[in-house]
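Biologist: Please take one part of this model, the nonpolar core, and go through it closely. Set out the fold it belongs to before turning to individual residues.

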Amino acid sequence: MLIEYIKVFALGGALCAIGQILIDKTKLTPARILTVYVVAGLILEAVGLYSPLVKWAGAGATVPLTGFGSTLAKGVEKAVSEVGVLGAFTGGLTASAAGIGAAVFFGIIIALLFRPKAKS
């Protein structure tokens, strides 16, 4: 059981550390780095390299933004095989709808509870 936690922490921590290094050492904005992570997850899933990481590290691979890219790729692949070319436009959103919906719902709840203010 402990080894599972170590694997999750190792991969998730490595992904976060790479992101922090990119923020500190490059002129990339955080938004661009996040986009790079999603696209990297999508590409790694498309070439068959991301699923083994998910099997090895579980949530360490699925929770970061690379996992979101992987989910989009899997959704598109499934939808294209089921409905054809139209699936390329609908599959990613269908596969990730639950996560997106949860993020929006909990974001609204937190905003109502803590009343965020604009930075000045």
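Modeller: The chain has six helices and zero strands, so the order of elements from the N terminus on reads α-α-α-α-α-α by the run-based assignment of helices and strands. The model is a predicted one. Its C-alpha trace spans about 50 × 35 × 35 Å along the principal axes. Of the contacts in the chain with a separation of 6 or more, 51% are accounted for by residues 24 or more positions apart.

The chain has 120 residues, and 22% of them count as buried. The accessible surface comes to about 8,600 Å², and carbon and sulfur atoms hold 74% of that surface. As for charge, there are 10 positive and 5 negative side chains; the centres of these two sets are 14 Å apart.

Now the core itself. In soluble globular proteins, nonpolar side chains tend to be buried together. The largest nonpolar core in this chain is made up of seven residues, namely Leu11, Leu15, Ile33, Tyr37, Tyr50, Ala57 and Ala61. At least two residues of this core come from each of α1 (2–25), α2 (30–46) and α3 (50–57).

Leu15 is a useful place to look at the core in detail. Leaving out residues up to four places away in sequence, Leu15 touches Tyr37, Tyr50, Gly60, Pro64 and Thr66. Tyr37 and Tyr50 are listed among the core residues, as is Leu15.

Thr66 sits in helix α5, which covers residues 65–83. With its neighbours within four places in sequence set aside, Thr66 is in contact with Leu15, Tyr37, Gly41, Tyr50 and Ala61. Among these partners, Leu15, Tyr37, Tyr50 and Ala61 belong to the core. The relative accessible area of Thr66 is 4%; because buried means under 20%, Thr66 counts as buried. Threonine is not one of the residue types admitted to a nonpolar core, so Thr66 is not counted in the core despite being buried.

Lys27 gives a contrast in exposure. Lys27 lies in the loop between α1 and α2, two helices that each supply at least two core residues. Its relative accessible area is 82%, and because the cut-off for exposed is over 50%, Lys27 is classed as exposed. The C-alpha atom of Lys27 is separated by 34 Å from that of Glu77, a residue 50 positions away along the chain.

Key. Residues numbered from 1 in each chain as written. Predicted model: local features only at pLDDT ≥ 70, side-chain atom pairs only at ≥ 80, totals over all residues. Heavy atoms only, no water. Helix = DSSP H or I, 4+ residues; strand = E, 2+ residues; numbered from the N terminus. Buried < 20%, exposed > 50% of the residue type's maximum accessible area, 1.4 Å probe, protein only. Contact = heavy atoms within 4.5 Å. Areas by Shrake-Rupley, 256 points an atom, 1.4 Å probe, with all protein chains shown as cover. Lys, Arg positive; Asp, Glu negative; His and termini not counted. Charge placed at Lys NZ, Arg CZ, Asp CG, Glu CD. Core = buried A, V, L, I, M, F, W, Y, C linked by side-chain atoms within 4.5 Å.
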